[in-house]
Every structure is written in C-alpha cells, then in structure tokens.
Amino acid sequence: MPEQTAGEKIFPATPHKRAEARKKGSVARSMDLSGAVVFLGMVITLRVVCTNGSFPFIWSGEIQQAFAFNPHPFGLDLETVRHWQLQGVLWFFGSILPVLGVAYAVALASNIAQVGMVVSLEAAAPDWSRVSPAEGLKRLFSMRGTAELLKGIFKVFLIGWICWYEVSSSLQQIIEAASAPFSIFLATIGEVIWAIAIRVAVLLTVIAVADYAFQKSQFEKMMRMSREDMRQEVKQQDGDPLMKRKIRQKQRELAKNRMMHDVPKADVVITNPTHFAVALKYDAKTMTAPKVVAKGQDEVALQIKLLAKESGVPLVENRPLAQALFHTVKLGKEVPSSLFRAVAEVLAFIYRTHGKRNN
C-alpha cells in the first residue's frame, strides 16, 4: 500500500468547509439539469392544456381566426381593434401564463433539489474576470470548456437525428394532410412536433442527470482536504495557540497591573521574606474577613514589597502564614476561617503599632 503524503487530499470536506463554500456560492450543480427539467415540464404542460388532444391545438382556434380575419382596410374600426386586443390578452392569460408559471415553479424546484436554499452575496458581487477576454479564452480552452463544447456538439447531433427521424417517418402523413382540411393538417403537424419535443426533452433530461452526477463527483473531489488542511481548520476554529498564549499573557499583565494598583491600599504585606508576599486589607463595614488584594512569588513578590515600602504599608515576616495564604487563597478572595486567627493576630499587632490606615 503506497504511503500517503501530508499534502495529499484524501479526506472528505468537513461541515465547516462545506458551509464556507456555500457562503461563497460554491455548490455542486448542473445548469443543464435545470434547463432540461424546465423544458420537459413545459412540453408536458402544453400537452395537457391542449384541446382535442393535439399538441398545437392550444393555438388552433386563434390561428384559424387569424387566417379567417381579413377585413377590408376601410372596414377596420376601433371597436374591432379593441376586440382583438381583448382576445389576445385572454389568450395570453389562459394559454401562455400557465405554461410560464409551470416553467418558473419547475426551475425553482430543480435548483432547490440540487443545492437547497443558497443566498450568497459574495457570488452576487461583480467579478470583472467573468467579462475579461483573457479569462474567457482560458475558460474556453480549458479542460472544462472543452468538455462543455463536446457535450454541446453531442446534444446538437442527437437532437438533429431525432428531428430527422420523426419528420422522415411522418413525411407521407404530412404530405397527405396538406390537402386535407386545416384542422386535420394542424393536428398532424402537432403530433409530429409533440413526438419531437417529448423525445428531445427526455433525452436532455437524461443527459442533464448524468451531468449533475459528474458535477457532483467533481465538486466532492475539489472539496477534498489534506491532513494539513484539517489541521489549519482546527487552528482557525480553536484559535492559534501562539495567539492564545499572547492573550493569556496580556490578561496576566492586566491582572498584575490591577493588583499592583491595590497594594498601596493594603493594611499589611505578609512575606516569606524573599519568595512570597501577600497583601491583605480589612474593612469591618464591608468585609466579613480580611481579603487578599495582591500576592506574588519571587520577582512579583519583590515588586509588591518595594511598592508597599514606598506607600508606607507595613511588612510582616511570617513564613508559614505567607506560604499558606499564597497557596490557598485566590486573589480578591477573603481569608478562610482556618487562617483567620493567624491573620487577625497580625492585623491586631499592626493596628497597635502603626494604627489603622485610612485609604
């Protein structure tokens, strides 16, 4: 079994990549399928709405009236023109509008069936490469353009063969119907047109379905991902580790600055004396127990002690208490009951020797 390289695209697209592609309007679809289904729907609709079961009888009455209507030029009045205008409007709404309505509904349904409801502002944005002659030539002579050209030639050949076959098969009937009454001639021509139209519509639909299957396969192949692609996607979704470290570092710096701002307000700083420093503040009116307003280790502890000295905050060396406060009490939290007695003794000593600080 050959070894797979890291850049080889062998994995199917993730839901995230598919969603991003849909936002850009990149979906698997066949324009031929929509056109073929619309044409098939229109042909069937025309057949259904035709009267007397003949394909062009939807227009037969109007055609016969048009041939029969030959008034003398001086006898054509405004009332006659209005009558023919009204007949034309009624003919359009009664005959053509239903066919157009079916065509629109079928087109909408076929597109939804292929790609669902996709609204992409990016795809609707102007793209000047589409009207560029150079880009147009590239698309024309690309593999995709060549395949589309060959497919078009194949369809034209098949449609031409269907037309030739149906007309040649019905040629004798058409000749005989030419000398018959107009309605019979029209019915004969209508059946030939129906035979051609339904066969062409079915043929185009079959070709379009095969084209959609091919487009779907090509789209899935284009959307494949490599291991590196998947790693990059995970990084984008979860965040760049380096960026996350920088954010955490910035948060720590901000927290440290806020902490240092509270050191001058403390009542006492309890030290290790070199490794730990914990600043405490107590207000009997607002607190139930002393609160840790700043704490640090090594360099941060040294900064707390220096700032405390500058601000006149008393420093008390008590190694066990400093370590216990540093390890067990979070910044901004009150001293637990287990340490309250030891802390109270320190505060009482400070208040006796230095007095209560007013901050």
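Start by selecting Glu 166, which sits in helix H7, residues 143-178. Keep in mind while you click around that this is a predicted model. Is Glu 166 buried or exposed? Its relative accessibility is 9%, so Glu 166 counts as buried, the cut-off for that being under 20%. To see what is around this side chain, show Ala 195, Ile 196 and Arg 199: Glu 166 touches these three once residues up to four places away in sequence are set aside.

Now zoom out for a moment. The protein has 13 helices and four strands. Of its 359 residues, 29% count as buried. If you colour by accessible surface, you are looking at about 23500 Å² exposed by the protein, with 64% of it supplied by carbon and sulfur atoms. For a contact map, take the contacts with a separation of 6 or more: residues 24 or more positions apart account for 74% of them.

Next stop, the surface of helix H4. Select residues 78-115 to get H4, and pick out Tyr 104 within it. Tyr 104 has 59% relative accessibility and therefore counts as exposed. Add Leu 108 and Ile 112 to the selection, and you have the nonpolar surface patch that these two make with Tyr 104, about 310 Å² in area.

Over to the strands. Select 268-271 for E1 and 276-281 for E2. How do E1 and E2 pair? They run in the antiparallel sense, with four bridges between them. The link from E1 to E2 is a hairpin of four residues. For one bridge to look at, pick Ile 270, whose partner in E2 is Val 278.

Keep E1 on screen and add strand E4, residues 315-317. This pairing is in the parallel sense, over three bridges. Here the residue to click is Thr 271, which has Glu 317 as its bridge partner in E4.

Turn on the side chains of E1. Val 268 and Ile 270 point one way, while Val 269 and Thr 271 point the other way. All four of them are buried.

That leads into the largest nonpolar core, a set of 18 residues. Select Val 268, Ile 270, Leu 280, Leu 321, Leu 325, Val 343 and Val 346, the members that touch the most other members. Which elements supply at least two residues each to this core? Show E1 and E2 again, plus helix H12 (319-328) and helix H13 (337-354). H13 gives the most, with five residues.

Centre on Leu 280 for a closer look. Neighbours within four places in sequence aside, Leu 280 is in contact with Ala 266, Asp 267, Val 268, Ile 270, Lys 291, Val 292, Val 293, Leu 325, Val 335 and Val 343. Apart from the largest core lies another one, of 13 residues. To find it, select Val 263, Ala 266, Ala 294 and Ala 301, which are among its members.

Last pick: Asp 298. Where is Asp 298? Look in the loop between strand E3 (291-297) and helix H11 (299-311). Check its backbone torsion, too: Asp 298 has a positive phi of about 55 degrees although it is not a glycine. With 41% relative accessibility, Asp 298 counts as partly exposed.

Terms used: Residues numbered from 1 in each chain as written. Predicted model: local features only at pLDDT ≥ 70, side-chain atom pairs only at ≥ 80, totals over all residues. Heavy atoms only, no water. Core = buried A, V, L, I, M, F, W, Y, C linked by side-chain atoms within 4.5 Å. Buried < 20%, exposed > 50% of the residue type's maximum accessible area, 1.4 Å probe, protein only. Contact = heavy atoms within 4.5 Å. Patch = residues over 30% accessible without salt bridge, like charges linked within 9 Å, V, L, I, M, F, W, Y side chains within 5 Å. Areas by Shrake-Rupley, 256 points an atom, 1.4 Å probe, with all protein chains shown as cover. Salt bridge = Lys/Arg side-chain N within 4 Å of Asp/Glu carboxyl O. Pairing = 2+ DSSP bridges.
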